[in-house]
Amino acid sequence: MAAKKESKKKVGIIATAGAVILIVLIVALISGFTEKEEVFPTFQDVGGTIETQVGDYKLDKQAYLGDPNAPVKVVEFVDYKCPYCAAWTNNNLPKFKKDYIDTGKVQLFVVNFPFLGPDSIKAAMVGEILWKQNHEAFWEYTDALYAHQGEEKTIWANEKYLLSIIKKYVPHGDADAVKKSLKNLEGLFEVKEDFKITSTNGVSSVPTFIVDGKKYVNPDLTQFSDVIDSSLADAQK
């Protein structure tokens, strides 16, 4: 009798475990079917008048590094999905910052040119939101996103990934606040405005740098340093 009771007990445990597993599988399947694919915002989702003109980069609205009194202003056009932008930032910016920005010679501005995919716009929106949150958060985000950049031809800069970047690598940023801001499409107008600034000024690729009105596309650091030195010499005349 004891053996039969023990056998029935084991059967009951197995049946219960099986039922739990079945429920978990059903929930997982339902979640998989009901989870919606992310819809990325477009410039048509935001209104507002944007007026631009050649030579005006609206620097008072752009993220920047450096002393506002620096004699040379450098404007960089970027797409966070661009591998060349990542390479320039990862390989050249540290030395450029040390030699020119930290010494008060150059102020660097960043303008969005998100053209590589729908997720380029969202990545740029997050940058705009973080800039308003905390300037350090913006640069932490820029460095982290370029260091953990996905494949250019894939849609990798989705909201879940961008928020995970903030949580892991942006100590001065608030991921929860960014999520709420994205829901309200904050930052989209600023990105749209940047895109129009880009078009108005004839920029067609990234990274493109503007110094004294001249364009330099993905310049070698040595070449670019010569450009900056020449501009500094002219500023001192």
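Reader: Let's start with Cys82: is it buried or exposed?
Author: Bear in mind that this is a predicted model, where local features need pLDDT of at least 70, side-chain atom pairs count only at pLDDT 80 or more, and totals for chains, interfaces and linings use all residues. Residues are numbered from 1 along each chain as its sequence is written, and side-chain values use heavy atoms, with hydrogens and water left out. Buried means under 20% relative accessible area, exposed over 50% and partly exposed in between (1.4 Å probe, protein chains only). Cys82 has a relative accessible area of 3%, so the answer is buried.

Reader: How far from the sulfur of Cys82 is the nearest cysteine sulfur?
Author: A disulfide here is a pair of cysteine sulfur atoms within 2.5 Å, and the count by that rule is zero. Cys82 is in no disulfide, and its nearest cysteine sulfur, on Cys85, sits at 3.5 Å.

Reader: What relative accessible area does Cys85 have?
Author: Cys85 isn't in a disulfide either, with Cys82 holding the nearest cysteine sulfur. Cys85 counts as buried, because its relative accessible area is 0%.

Reader: Which helix gives the largest share of the largest nonpolar core?
Author: A nonpolar core is a set of buried Ala, Val, Leu, Ile, Met, Phe, Trp, Tyr and Cys residues joined through side-chain atoms within 4.5 Å. The largest one has 63 residues, and Tyr141 is among those that touch the most other members. Helices (H or I, at least four residues) and strands (E, at least two) are DSSP runs numbered from the N terminus. Eight core residues come from residues 118-133, helix α4.

Reader: How many of the 16 residues in α4 are buried?
Author: End to end, first C-alpha to last, α4 reaches 24 Å, close to the 22 Å expected at 1.5 Å a residue (that is, 1.5 Å times one less than its number of residues). Tyr141 touches Ala123, Val126, Gly127 and Leu130, among others (contact means heavy atoms within 4.5 Å). The helix is mostly covered, and its buried count is 13.

Reader: Which strand holds Val111?
Author: Among the residues Val111 touches are Val75, Glu76, Phe77 and Val78. The C-alpha atoms of Val111 and Val78 are 6.4 Å apart, though 33 residues separate them along the chain. Val111 counts as buried, because its relative accessibility is 0%. Its strand is β3.

Definitions and conventions. Lists of a residue's contacts leave out its neighbours within four places in sequence.
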